Amino acid sequence: MTDTVTIRRPDDWHLHFRDGDVMREVVPYTARQFARAIVMPNLSPPVTTVELAKAYRERIMAAVPQGVDFTPLMTCYLSDTTDPDDLARGASEGVFTAAKLYPANATTNSAHGVSDVEKIYPVLERMEAEGIVLCVHGEVTSADIDVFDREAAFIERYLRDIVVNFPKLKVVFEHITTSDAVDFVMESGPQVAATITPQHLHINRNAILVGGIQPHNYCLPVAKREEHRLALRKAATSGSPKFFLGTDSAPHLRSAKETSCGCAGIFGAPYALESYITVFDEEDALDTFEGFASLHGPAFYGLPVNEGEVTLERVEHAVPETLPLAGEEIVPWHGGQELGWRFVG
Ligand code: DOR
Ligand code: ZN
């Protein structure tokens, strides 16, 4: 039995750092395990311009512990009024690595998102021409669509058209949760890829709703039926370069989760690699772990792979139920559970 696994230093291709005290305290968790991370721009107000992204990047860099090598990769929050010139300038200056499409009101701090995808077609055209990656929160927001069907509906209503109309645009279908999304990505050309979170590999929707409401298992897109979880596990461990690691780590304080209207988001950063490798181990696929965690993302984004390595070892350990954060506490993903793998460094 393999008891240690060493891979090239991985990257997290989708997460939320927030700002202020929370940001300063969550950045070290990610910088400990990952060399780079794609940082989501859904602050309040959102990161919509090169100048805002530069300033945010500096605040993040100031939170990286001394001696730790970590690079935040910034994204531009697309809105109905995004200026294609500003976006293109930000990309050419190395500030923006990607731009993020949130359908308006799909999730946390997305009120300023795109109200009608066709409104940003001129921006997508420019992104295609400049080779700027589009990261997509793929859920429709119409009240008439059931929350469990919103990802599949987004494919049919918008994503298929985007991919047809902009055949060279690089698209990352973020945090996919359904077999429909896996099939769509597999059927599309090499310019379409997807990130997969640890939670969607571990849990199905029963983990949110059975035995009482479990707010710490709630995120968006919401976890779906078991058949979807199994399709995601198969995709992640398949070795296909179209699927790569993106935790969607989304810190919300315990008080904001355990309330009558709890926030969507799971704080996956502290035990991210341990969580993923558990799945690869269970699927007897430790051989494809490095590709998913460290190689497929850089290849898709056209970035070099990282220098250096990290090691995980097979050791049982308990994850604390809560961690201190910003003078309060937060429940990490796997909080209160035993994990069979430990991050060594
Ligand atoms: O669960 C989620 N939380 N999904 C998102 O898309 C946003 C995120 C957040 O920012 O909290
Ligand atoms: Zn996210």
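A residue is counted as near a molecule when one of its heavy atoms lies within 4 Å of that molecule. In the present predicted model, 13 residues surround ligand 1, and those that come nearest are Arg-18, Asn-42, Leu-220, His-252 and Ala-264. By class, this shell comprises four nonpolar, seven polar and two charged residues.

Contacts between ligand 1 and the protein involve both backbone and side-chain atoms. A nitrogen atom of ligand 1 is found 2.7 Å from a backbone N or O atom of Leu-220. For Ala-264, a backbone N or O atom is likewise placed 3.0 Å from a nitrogen atom of the ligand. On the side-chain side, an N or O atom of His-137 lies 3.2 Å from an oxygen atom of ligand 1. Of the 290 Å² of accessible area that ligand 1 has on its own, 99% is covered by the protein. The space that ligand 1 takes up is the largest cavity.

The zinc ion, ligand 2, has as its protein donors His-14 and His-16, each through NE2, together with Asp-248 through OD, lying 2.0 Å from the ion. Along the chain, these donors follow the spacing H-x1-H-x231-D. Both histidine donors fall in the buried class, for which the cut-off is a relative accessible area under 20%. His-14 is buried because its relative accessible area is 1%, and His-16 counts as buried because its relative accessibility is 7%.

Key:
Residues numbered from 1 in each chain as written. Chains lettered and ligands numbered in written order. Predicted model: local features only at pLDDT ≥ 70, side-chain atom pairs only at ≥ 80, totals over all residues. Heavy atoms only, no water. Polar contact = N/O pair within 3.5 Å; in protein donor to acceptor, adjacent residues only side chain to side chain. Areas by Shrake-Rupley, 256 points an atom, 1.4 Å probe, with all protein chains shown as cover. 1 Å grid on protein atoms, 1.4 Å probe; cavity = no way out; pocket = protein on both sides within 12 Å on 5 of 7 lines; lining within 4 Å. Sits in = over half its atoms within 2 Å of the grid points. Nonpolar A, V, L, I, M, F, W, Y, C, P; charged D, E, K, R; others polar. Donors = N, O, S within 2.8 Å, 3.2 Å for Na, K, Ca; no water. Buried < 20%, exposed > 50% of the residue type's maximum accessible area, 1.4 Å probe, protein only.
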